[in-house]
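Visitor: Please give me a close look at a single part of this structure. After that, place it in its wider setting.

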Amino acid sequence: MLNAIGREIPEGLGTPYSGEMLKPSGRAAGHTIKLSRPHENKVLPCIKEAIKQSGLKDGMTISFHHHLREGDHVVSMVLAAIDELGIRDLKLAPSSLNKCHDFIIDYIKKGVITSIETSGLRGALGKEISRGLLKNPVIIRSHGGRPRAIETGELHIDIAFIAAPCADSAGNINGVDGPSAFGSIGYAMVDAKYADTVIAITDNLRKYPIEPISIPSTLVDYVVCVDSIGDPEGIMAGAVRFTRSPRELLIADLASKVILNSGLFKDGFSMQMGSGGASLAVIRQLKDAMKEKNIRASFGVGGISGPYAKLLEEGLVEKLLDVQCFDLQAVESLKNNKNHLEMDASYYANAYNKGCAVNNLDIVILSALEIDTDFNVNVITGSDGEIMGASGGHSDAAYGAKLTIITTPLMRGRLPIVVDRVQTIITPGSSIDVVVTERGIAVNPKNAELNERLKDAGLPVCSIEELKYKAEKITGKPDPVQFGDKIVGIVEYRDGSIIDVIRNVID
Amino acid sequence: MKLRRTLLYVPGNNPSMIADCMIYGSDTILLDLEDSVSVFEKDAARFLVKYALRYLDFSNTEVAVRINGMDTPYWKEDLEKIIPEKPDMIRLPKAETAEQIKKLDEEITRIEKKSGIKEGHTRIMVSIESAKGLKNAYEIATASPRMVAIAIGGEDFTADLGVKRTREGNELLVARGELVLAAKAAKVDVIDSVFTDVDDEEGLRIETEKAKAMGFTGKSVINPRQIPIVHDVFKPTEEEIKEAIKITRAIEEAYEKGSGVISLNGKMIDKPIVEKAQRVLELAETLGLLKEVAAC
C-alpha cells in the first residue's frame, strides 16, 4: 500500500507512515534485574570470556556505538570472538556503521550475522547489502528513532558491547579520557540503560572511581581491558576544516543570510549545525553578525565540532548539548567547560520521551544527497541506488526545529540534486522549510511568510521547480536506477512507522 | 554604467569551473583558451567554450574569451570557433602594436559578417605584457572602435623586464601608472593584474586599494573567493556618497540662486570636483547604494 507520501510499502512490514506522528501507548521496556554482590570482580581477562559469561546465544541481539567512527577496533574484536565460539544468527544493532566495518560482510556470509538494525551503512558493506547479501532487510533508524525502539522494547538488546575510552574496575565509563578519547558517549548511554547485559571494553582501565562518570557502574556487568579500542586518526574522521571551496562558501553565505532574515536570529536563539564544510562556514559568518548585533545563542545541539565549541568558549553560545564530538577540540571542551553538556541519544532526539532537545530548536542546518520537488530528502542512498549514508539525526532535528534549512550544491558532478522524486525518503518534505543552493533558494510553500521575508531581503528566491529546471538544463535528466523486487532496507520514520523501503540494486 | 570591477579567469578546459563560473557575481568572466590550456588541449577547450557560450545561461554577466596570442598558430581558429557564439568580448593577450589590433578587428569583422552577427557586436580588450606593448599602449587602446579596456599582465610583464614580482609590487609601479594614463587618454577601462596568492586576503586588499588609488577601474581575479574583496574596495564609501550628494545639492542651490561661485563648507567647487561627484553617484546607483545612503 502507499504511505502518506506516496511510497509503496508492502503489506506485513509494519505501519506505513501516516504523515503525522503516531501516538505511543503502553509502558517502557527494561533490562533484566540482577543482584550485585559486595567486592564482586567485574574485570574479565578477555572478550571471549566476557561473551561466555554474558550467556550470548544463537539468535540474540548485540549492540555497539559508533563514536569511534572510522577508527573502531571493537566490533571487529567482538565478532571474531563470537565466531570462534560458534555463535550464529545474531542481530547486529549498532548506532551506526562506517567504512571500517566492511569485514562484517564475512560474518554475514558465515551466518554469524543475519539481521542488522542501524542508522547507516557505508562502503563495501553498503554495496553488498544493496545487492541482497543479507537475508533480512536492514532496518534504518534515525538517532532519535533508535532510542525510541529500544525504550519501547521494539529493539531489545541482549548484550551491549561498549567501547570505553576510560573505565574503572566497577564498570564506570567516560569517553573523555585516555588514548582513544572520543568525547560524548551519548549513543551508548541508551544501550547501557536497556540492554540485559553490558560489557565495557576499554584500553584505559583506571582505579575506582573515575571522574566524570557518563555511564555508571550500576548499568555495567563486565569490564574487559584490551590493547586498543580505536585508532585516533580514524576516530577523528569526523573532523572537518573550514571549506575553501568557493561554491560551498557561496552556499554558506546564502544560508547565513537566510538565518539573519528569518526572524529567528535574535538574542537567545538556538541552533543545530552539521559537521560539513558549509555548516562550519555558516558558523564563521554568523559569528560576525552575532558580535555586531550583540546576540548570543542560548544553546547548540547535536554532534559538536571544534568551531562550535569555540563559540561556547567565546560566550557567543551559552550551552552545548552534545551527543557526539566530531573532533579533539570538541572533546577537550566537553572535558573542561562546564557549559558543554553530554546528553544521551534519547534526550537528544527521541520523540517518545517527555521532551527531547531537538524539540526546543529554533534553527537546524542539514545536508541532502537529493531533495525532491515535494522537499522530501534522501541522505541514505547514492545516485547508483546503493546504501552509502546514514539517517542520523536528520528527520529528528528537521521535525523539532522551527526553521529547517537544507544546504546542498544544485549539482554534484553530472548529477542534479533537486529531482522530481528522491530515491529514498529519510525526512518528509513537511519538515523542511528552505533549500539553499549556489544557484538559488527555494522556500517550502507551507512557509509563505519566510518566502516573503527572504524576497524582501533581496535573496535569490525561486520555486523548487525552477531549481530543478536550472539543474536539469545543465545535467539533463539521468536514467533511473534499476531496482529489483527484493527489499533490502526498511526506513523507519522517527515514530517507527515506515516512511520508505530500499530495494535491491540490479547491476 | 557598465562595471568591470572584477574579471574572473576560468580555464577553458575545465567543465565544472565553466558550469559554475557565473554564480559568483564577477562583472566579467574570462573564459581562457590561452595560458591555462596546454597546447595539446587547445582544440578541446575551443569546443568546450563554444558550447558553453551556446548553452549556458550567463545571465547579465559580461563574457569574454581570451584567445591565444597573435604570435601563435591558434588565434585565428579560436576566433572562427568562438565569434559565431556571440561572446561579449575577445581578450587579446600580449598586445604590442596598434597594427595587431587592426588585424584582429578585421578578422572579427569578417567572421561577424559571415555569421550574420551585427558588425561591431564583439568588443575587444587587450592585455599589455611587455615593455614594447606598454610604449604603444595609447595607440593600441585607440586602434579600434571595439576597444573597451586594457589590462596589464603582471607575470609576463615582470618577466619581460627581467625582475621578480613581489607582494609590494614596486617593480610594476611605473608600468601601472603609464597604463592608467594611456587608458584614461583613450577613454577605456583599465584593469589591474591578478594577485596570485589566493589565500592572502589582506595582500589582495592592499594591492586592490593601491590599484583603485592609481585609477584602475577593475582587477582580474583567479579565484571566486577574491571577488567580494575586490568589489568591496571598488565600492564607494558611505562618506564618499554623502559628500557627492552634498556637492550636487550645493550646485543645484547655487543655480537656483543664480550664483556663479559655488562653495561647500568654505571650499570652492569647480568642474573636476563636480565630475568626480557625478562618477561616484553613478557608481553608487549602479551598485544600488544610493537609496541606502540617501535614506540615512
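Guide: Start with the terms: helices and strands here are DSSP runs, at least four residues (H or I) for a helix and at least two (E) for a strand, numbered from the N terminus. Keep in mind that the model is predicted. The predictor gives the complex an ipTM of 0.83 and a pTM of 0.91.

The part I choose is the loop of chain A between β10 and β11, where A:P212 sits. The peptide bond leading into A:P212 from A:E211 is cis, with omega near 0°. A:P209 has its place in the loop between β10 (205-206) and β11 as well. The bond from A:Y208 to A:P209 is likewise cis, with omega near -10°.

Follow the chain onward to strand β11. This strand covers residues 222-225 of chain A and holds A:C225. Is A:C225 buried or exposed? A:C225 is partly exposed, because 18 other C-beta atoms lie within 10 Å, while buried status needs 20 or more. Beyond four places in sequence, A:C225 touches A:V43, A:T202, A:D203 and A:L205. A:C46 is 179 residues away in sequence, yet the C-alpha atoms of A:C225 and A:C46 are 7.2 Å apart.

Now turn to another loop of chain A, between β2 (61-63) and α2 (74-84), where A:H65 lies. A:H65 counts as buried because 28 other C-beta atoms are found within 10 Å. Its contacts, leaving aside neighbours within four places in sequence, include A:P94, A:S95, A:I162 and A:A163. A:I185, A:Y187, A:A188 and A:D191 are also in contact with A:H65. For a sense of scale, A:P445 is 380 residues from A:H65 along the chain, and their C-alpha atoms are separated by 39 Å.

A:R69 belongs to the loop between β2 and α2 too. Its phi is positive, about 40°, although A:R69 is not a glycine. A:R69 counts as buried because 21 C-beta neighbours fall inside 10 Å. Set beside this A:N294, a non-glycine that takes a positive phi of about 55°. A:N294 is in the loop between α9 (277-293) and β13 (297-304) of chain A. With 7 other C-beta atoms within 10 Å, A:N294 is exposed.

Helix α2 comes next. Its buried residues are A:V74, A:V75, A:M77, A:V78, A:L79, A:A81 and A:I82. An α-helix has 3.6 residues a turn, so residues three or four places apart point the same way. The cover over the buried residues of α2 includes helices α1 (47-54) and α3 (104-110) of chain A, along with strands β6 (159-164) and β9 (197-202). Just after α2, A:G86 takes a positive phi of about 80°.

Next, the nonpolar packing. In soluble globular proteins, nonpolar side chains tend to be buried together. The largest nonpolar core here has 231 residues. A:I162, which touches A:H65, is among the residues with the most contacts inside this core, and the others are A:I201, A:A255, B:I150 and B:L179. Helix α8 of chain A, residues 246-260, gives the most to this core, with 8 residues. A second, separate core has 8 residues, among them B:I247, B:A277, B:V280 and B:A284.

B:I150 leads us into chain B. Among its contacts beyond four places in sequence are B:M125, B:V126, B:I128, B:L179 and B:V190. Chain B averages a pLDDT of 93, and 98% of its residues score at least 70. Its 8 strands, β1-β2-β3-β4-β5-β6-β7-β8, form a closed barrel with parallel pairing. Neighbouring strands of this sheet are turned by 25° against each other on average, direction ignored. One pair is β1 (residues 6-11) with β2 (residues 28-32), parallel over 5 bridges. Within that pair, B:L8 has B:I29 as its bridge partner.

Chains A and B meet through 7 residues from each. On chain B, the side touching chain A divides into 4 nonpolar, 1 polar and 2 charged residues.

Finish back in chain A with an open sheet of 3 strands, ordered β18-β17-β22 with mixed pairing. Strands β18 (377-378) and β22 (418-419) stand at its edges, each with a single partner strand, so one side of each has no neighbour in the sheet. Strand β17 (residues 370-372) runs parallel to β22, joined by 2 bridges. A:D372 has its bridge partner, A:V419, in β22.

Methods:
Residues numbered from 1 in each chain as written. Chains lettered and ligands numbered in written order. Buried ≥ 20, exposed ≤ 12 C-beta atoms within 10 Å, placed from the backbone. Contact = placed C-beta atoms within 7 Å. Nonpolar A, V, L, I, M, F, W, Y, C, P; charged D, E, K, R; others polar. pLDDT = per-residue confidence, 0-100. Core = buried A, V, L, I, M, F, W, Y, C linked by C-beta atoms within 7 Å. Pairing = 2+ DSSP bridges. Axes fitted to C-alpha atoms, helices over the stretch in contact; angles between N-to-C directions.
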